[in-house]
Every structure is written in C-alpha cells, then in structure tokens.
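Colleague: Please give me a close look at the nonpolar core of this model. Set it against the whole chain, and then go through the loops.

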Amino acid sequence: MAKPFTFVCLDPHKSKRAKISALLGPLGKVRWLQLPMMGLHDWPQTQDRAETALLAGRGIPKPGLARTIWKRILRMQYNGTRAYFEKNPTHVAVGWNGLNGSRRVFMDAAKDAGAKTLFFELSPFPGRITVDPVGVNNANGLPRDPQPYQAWLAASGHDPSGWRDLGAAIKQRTPDHPPAPTANLPSLQDPFIFAPLQVPGDSQLRLFGGEFRTVDAFVKALIYAAAALPEGWHLRLKEHPSTRPFVAAMLRGVKAPIYLDNATDTFAQVAASRGVVTINSSVGLEAMFFDKPVTACGDCFWTIPGMADRAPDQNALTAAMANAA
C-alpha cells in the first residue's frame, strides 16, 4: 500500500533529522532538502515574507550590499518554495524551529500556498520534542485558555497528578565552564525571587521578549525592581549555563538586594525560592513542578490565567517585586 503523505523537510542537524525520520518515516515518503527551492517569479507576499524572515534572524546585516543580497536570496527561496507547494498542495512542509531566515520563508511559503505544515522543536521537557502544525514557542497552536485542557483531562481518563512524574527528570544544563561560587551570597533560606537568565540573542527573546528583548535590558529592569522588594527579601539571578558571564559587571556597585549565583544548581534555586520571574525561559514552566508561582515578562504560551502571571513592562515588574510576599 502506498504511504499517504509526502513530507518535504529542510535538512537539520543529524540528530534532529533522525528524530524527524523516526516520527514521519512510517507515515509517508520523506524528501530532504539542503536549502529551499529558488525562483524568480514574485508573489504578492514575497517582499513582506522576506523582510520578516530577515529581521527575525540573529546578526541582521546592516543596510548595504550584504543585506540586499541576503534579502534577495530569501525572496528567491520564498518564490521557489511557494511555486513548489502551489503545484504540490497535498505535500507537507516540515521545518525545525522555522522562526527565521531560510526556514521561515520555506514554512511561510508553504502556508501561503495552502499546504499543511509541521514545526519541530526541542521540548522544554527532557527526552521529548514538540510537533505543531502552526509554529513553535509562543507561535504554537496551543490554546491560551484553561478550558480546553480541563475538558481534555476530563475526557482522557488520565491521572490528574500524573504530570508530576515528569518533574523527576528535570535537570539543569551542564555548564560549558563550571562557574566559581560567588562570595557573600545571602542564604538560600532567606526569602528570595529567582530569575533564570536566557541566552543573549536567543529567538525567544528577539521574537517574543516584548519590552525585554535582550538580557541586558532585563537585568537593568530587575536591578530597578529589586529595590521594591519587601524588607529581608532578595532577588537572585543565574546566567544561562552556555553563555559567557557578563552580569557580574552590571551588578557591581548596585545597592539593591540583587545577587548573581551561577554556581548553585538551577533547580536547587527554584526549589528554595518563593517564586520565579523570567522573560520566557522554559525554567518558568519547569518551576511549576516545584509548585512555585511564576511571573513572565515576555510572551510565552503557558501564561494562561490562573497558571502564571504577566509583568510586561517595568512598572508591572516593579509592582510584582513590591508584592512578592
């Protein structure tokens, strides 16, 4: 019997290709592309799609020849991909992440042609990937309302507390360079809010950070907000394990009760904290396994009413610190 689907996939790294193959191989034919198809014929959406993909990328070229060339390439990739899926509307476009550059124009072109899409990405939880027909991270297709989840649980017959088993497998990422302990830190027994920082330039920040699109901007906002904490409380930061440290220099001379602790295990700090504040790090979602209240300052799919709070600007962040208790 012929397999019913043809999946057209932009080829990711080897380990990711294996994950896609394992899931889609039994369902149909998988065609791998090193790069999107190219075409010269513009579509009405070509210009906008290329510009969006360009501006969503990391290291956007300054206006000039390099930027003109890169945008032209994105336009041609959109055109060629769009033409392919216009001719093959039953084929399914598959991309890993698909938020910027060539992968974005590839997926946008398929959508604009009316083809189905599948977006792959690493899950916030260990040993899992996410597969979504709409997008990944805050661009995914999950409801932002609790009712559909509650209805699904009631109909599924699953143990309502079964999700907690997943929490036992959550571990921090291994640091690229083990950090030295910081001297004169307050005790983990003191009341504090934990702020796990993200990778500078990460697409989560660039695309979904709201008013906090850089780690620097977030740290500056936290320094200001920390001064509003209740007496005896402090704010504790940890840089992402895969980044080069730079926050200590930003905190030098600051009088507010804010400290950097890169050495203590991430989830030991989550467990000891009174709550977590983040732009949109997956640690915010993982903190819920520890029954910690969470405040997100950027856009993320899990800021569902009753599940997490939002502090989308400096005033809201400062107010959250003032009302930490």
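Modeller: First, a cut-off. A residue is called buried when its relative accessible area is under 20%, exposed when it is over 50%, and partly exposed in between. By that rule, 44% of the 325 residues of the protein chain count as buried. Keep in mind that this is a predicted model.

Now the frame around the core. The protein chain has 11 helices and 11 strands. Its C-alpha atoms fill a box of roughly 65 × 60 × 35 Å along the principal axes. The radius of gyration is 22 Å, which agrees with the value near 20 Å that a compact globule of 325 residues would have. Contacts across the sequence matter for what follows. Among contacts with a separation of 6 or more, 64% join residues 24 or more positions apart.

On to the core itself. The largest nonpolar core holds 29 residues. Which of them touch the most other members? They are Phe-218, Leu-222, Leu-235, Leu-237, Ile-258, Val-277 and Leu-317. Several helices and strands feed this core. Strand 6 (192-196), strand 7 (234-238) and strand 8 (258-260) each supply at least two residues, and so do helix 7 (215-226), helix 8 (247-251) and helix 11 (314-322). Helix 7 gives the most, with eight residues.

Val-277 is a good place to look around. Leave out residues up to four places away in sequence, and Val-277 still touches a long list. Ile-193, Phe-194, Ala-195 and Pro-196 are on that list. Phe-218, Leu-222, Leu-235 and Leu-317 are there too. Thr-295, Cys-297 and Met-321 complete it. Apart from the largest core lies another one, of 18 residues, among them Ile-170, Phe-194, Met-288 and Ala-296. Phe-194 therefore appears twice here: as a contact of Val-277, and as a member of that other core.

Next, the loop that follows strand 6. Pro-200 is found between strand 6 and helix 6 (203-208). Its relative accessibility is 36%, so Pro-200 counts as partly exposed. What does Pro-200 touch, beyond residues up to four places away in sequence? The answer is Arg-58, Val-215, Thr-243 and Phe-246. Thr-243 sits 43 residues from Pro-200 along the chain, yet their C-alpha atoms are separated by 7.7 Å.

Two other loop residues have backbone angles to check. Most residues other than glycine have a negative phi. Asn-97 has a positive one, near 75°. Asn-97 is in the loop between strand 3 (92-96) and helix 4 (101-112). Its relative accessible area is 15%, so Asn-97 is buried. Asp-291 also has a positive phi, near 55°. The loop of Asp-291 runs between helix 10 (282-286) and strand 10 (294-296). Asp-291 is exposed, with a relative accessible area of 52%.

Two more prolines are worth a stop. Pro-160 is in the loop between helix 5 (146-156) and strand 6. At 57% relative accessible area, Pro-160 is exposed. Pro-160 and Leu-23 are 137 residues apart in sequence, and their C-alpha atoms are 27 Å apart. Pro-4 lies in the segment before strand 1 (5-10). With 67% relative accessibility, Pro-4 counts as exposed. Gly-28 is 24 residues from Pro-4 along the chain, and 5.8 Å separates their C-alpha atoms.

Last, the outside. The accessible surface of the protein chain comes to about 16,700 Å², and 56% of it belongs to carbon and sulfur atoms. There are 36 positive and 26 negative charges, and their mean positions are 8 Å apart.

Conventions
Residues are numbered from 1 along each chain as its sequence is written. This is a predicted model: local features need pLDDT of at least 70, side-chain atom pairs count only at pLDDT 80 or more; totals for chains, interfaces and linings use all residues. Side-chain values use heavy atoms; hydrogens and water are left out. A nonpolar core is a set of buried Ala, Val, Leu, Ile, Met, Phe, Trp, Tyr and Cys residues joined through side-chain atoms within 4.5 Å. Buried means under 20% relative accessible area, exposed over 50%, partly exposed in between (1.4 Å probe, protein chains only). Helices (H or I, at least four residues) and strands (E, at least two) are DSSP runs, numbered from the N terminus. Contact means heavy atoms within 4.5 Å. The radius of gyration is taken over C-alpha atoms; the globule rule is 2.2 Å times the number of residues to the power 0.38. Accessible areas come from the Shrake-Rupley method with a 1.4 Å probe; for residues, only the protein chains shown count as cover. Lys and Arg count as positive and Asp and Glu as negative; His and the chain ends are not counted. The place of a charge is taken as NZ of Lys, CZ of Arg, CG of Asp or CD of Glu.
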